[in-house]
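I opened this entry to record what I looked up, beginning with the sheet and ending with the ligand shells.

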Amino acid sequence: MINSVEKADVLIEALPYMQKFAGKTIVVKYGGNAMVSEELKRNVIQDIILMKYVGMRPVVIHGGGPEITAMLRQLGKETTFTGGLRITDPETVSVAEMVLVGKINTEIVTLLNQYGGRAVGLNGKDADLIVAQKHWAKVTENGKTKEADIGMVGDVDRINKGILLTLLDQGYIPVIAPIGVGLKGETYNINADSVAGEIAGALAAEKLLLLTDVEGIYRDYQDKSTFVSTLSFGEAQEMIQSGSIDGGMIPKVEACIQALKKGAAKTHIVDGRQPHSLLLEIFTNKGIGTEVVKE
Ligand SMILES: Nc1ncnc2c1ncn2[C@@H]1O[C@H](COP(=O)(O)OP(=O)(O)O)[C@@H](O)[C@H]1O
Ligand SMILES: CC(=O)N[C@@H](CCC(=O)OP(=O)(O)O)C(=O)O
């Protein structure tokens with residue numbers, strides 16, 4: 001048990017970070033496995049509310065890959081990923097929209113509001129927030145790389161940040177589902193990490209925090225002693241090419257790179273299985289997870 005002096009020390013350790021981040025935009029990507037446990041979900045919600053009450057401007061982007069997969073399975077449909085992205089036929093995009101917008105977004109909004117936030121749910125169609133275009137996947141066969149059609153998967157073309165700034169200025173917490181809209185009104189399924197990266201860049205966020213189900217990045221995913229606390233663009237790109245960063249970690253690292261290129265100040269990949277990992281990253285001297293940096 002920690003005594004009262006130690007408790008006060010913990011608060012005092014947080015003071016410089018509260019001062020540093022007051023008024024700053026913090027983009028949190030919440031998804032995957034940190035979303036599956038009810039207790040972890042409550043922890044994440046409390047952390048976001050605390051950030052808000054000490055004066056930060058949190059923006060939440062959520063995923064929900066495991067829930068989309070579960071719903072597709074209930075409907076008797078198997079699903080496949082390539083390079084961390086779900087191959088998305090027309091039926092899959094409707095299920096993704098239904099689960100992300102209709103279920104997960106409203107759940108997160110309700111929870112945040114129960115804990116005292118003023119959260120507003122959005123998806124890319126609201127005020128044309130996320131304008132998208134078709135994504136062409138790159139696949140390598142026999143040493144040759146070619147483009148592959150993976151259906152209604154989108155790349156972010158443009159973020160119309162006006163609606164976010166309006167909400168943030170009025171004290172609301174925007175909660176965004178990663179569904180994009182095409183120029184002809186078509187629906188795109190976009191990886192939530194990519195959306196978070198683009199939004200963090202567009203808002204010139206102070207931090208992008210991507211929650212995941214590992215401690216951070218490993219040089220060799222099989223060997224936990226190879227944990228990397230800071231990773232540069234160059235190293236990240238090499239590791240993607242060599243295959244040592246693989247699967248769902250690829251869009252996360254690419255999201256960090258994109259956010260930094262477009263104007264975000266700092267990007268971190270953080271373990272969402274650890275209770276209150278968001279607070280530990282923001283408010284303590286040590287920080288946790290892997291930071292992706294330009295140099
Ligand atoms: N070099 C690496 N370091 C850490 N994790 C990696 C690495 N390469 C691939 N991964 C995988 O990426 C996964 C995280 O991506 P994903 O499952 O999409 O996360 P989430 O569901 O939390 O959004 C990890 O569980 C791990 O299996
Ligand atoms: C194109 C693509 O892969 N879209 C994702 C969108 C949800 C997501 O990214 O959820 P997580 O963050 O929980 O993985 C999907 O269909 O699963």
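I traced the main sheet of this predicted model and found it open, with eight strands in the order E5-E8-E2-E1-E11-E15-E16-E14 and mixed pairing. Strand E5 (119-123) and strand E14 (230-232) are at the edges; each has a single partner strand, so one side of each lacks a neighbour in the sheet. From one strand to the next I read an average twist of 20°.

I then took the pair E1 and E11. Strand E1 (residues 25-30) and strand E11 (residues 207-212) are parallel and share four bridges. Opposite Val27 I found Leu208 in E11.

Next I looked for helices lying across the sheet. Helix H5 (residues 162-169) crosses E1, strand E2 (57-62), E5 and strand E8 (173-177), and runs at about 145° to E8. Helix H7 (residues 233-242) lies across E14 and strand E16 (290-293), at about 85° to E14.

I checked the nonpolar core. The largest one holds 78 residues, and those with the most contacts inside it are Val27, Val60, Ala196, Ile199 and Leu208. Helix H4 (residues 90-114) gives this core its largest share, ten residues. Val27 and Leu208, which I had noted as opposite each other in the sheet, are both on that list of most contacts. I followed Ile199 further: setting aside neighbours within four places in sequence, I found it in contact with Val27, Val59, Ile61, Ile159 and Ile176.

I also looked at a hairpin. Strand E6 (residues 130-141) and strand E7 (residues 144-159) pair in the antiparallel sense over eleven bridges. Lys134 has Gly154 in E7 as its bridge partner. Two residues separate E6 and E7, and in the turn Asn142 has a positive phi of about 50°.

Last came the ligands. Which residues come nearest to ligand 1? Of the 18 around it, I noted Gly32, Thr212, Asp246, Gly248 and Met249. By class, the shell of ligand 1 has six nonpolar, ten polar and two charged residues.

Around ligand 2 I found 16 residues, with Gly31, Gly63, Gly65, Arg86 and Ala192 nearest. Seven residues of the ligand 2 shell are nonpolar, eight are polar and one is charged. Helix H3 (65-74) and strand E4 (85-86) each supply at least two residues of this shell.

How values were computed:
Residues numbered from 1 in each chain as written. Chains lettered and ligands numbered in written order. Predicted model: local features only at pLDDT ≥ 70, side-chain atom pairs only at ≥ 80, totals over all residues. Near = placed C-beta within 6 Å. Nonpolar A, V, L, I, M, F, W, Y, C, P; charged D, E, K, R; others polar. Core = buried A, V, L, I, M, F, W, Y, C linked by C-beta atoms within 7 Å. Buried ≥ 20, exposed ≤ 12 C-beta atoms within 10 Å, placed from the backbone. Contact = placed C-beta atoms within 7 Å. Pairing = 2+ DSSP bridges. Axes fitted to C-alpha atoms, helices over the stretch in contact; angles between N-to-C directions.
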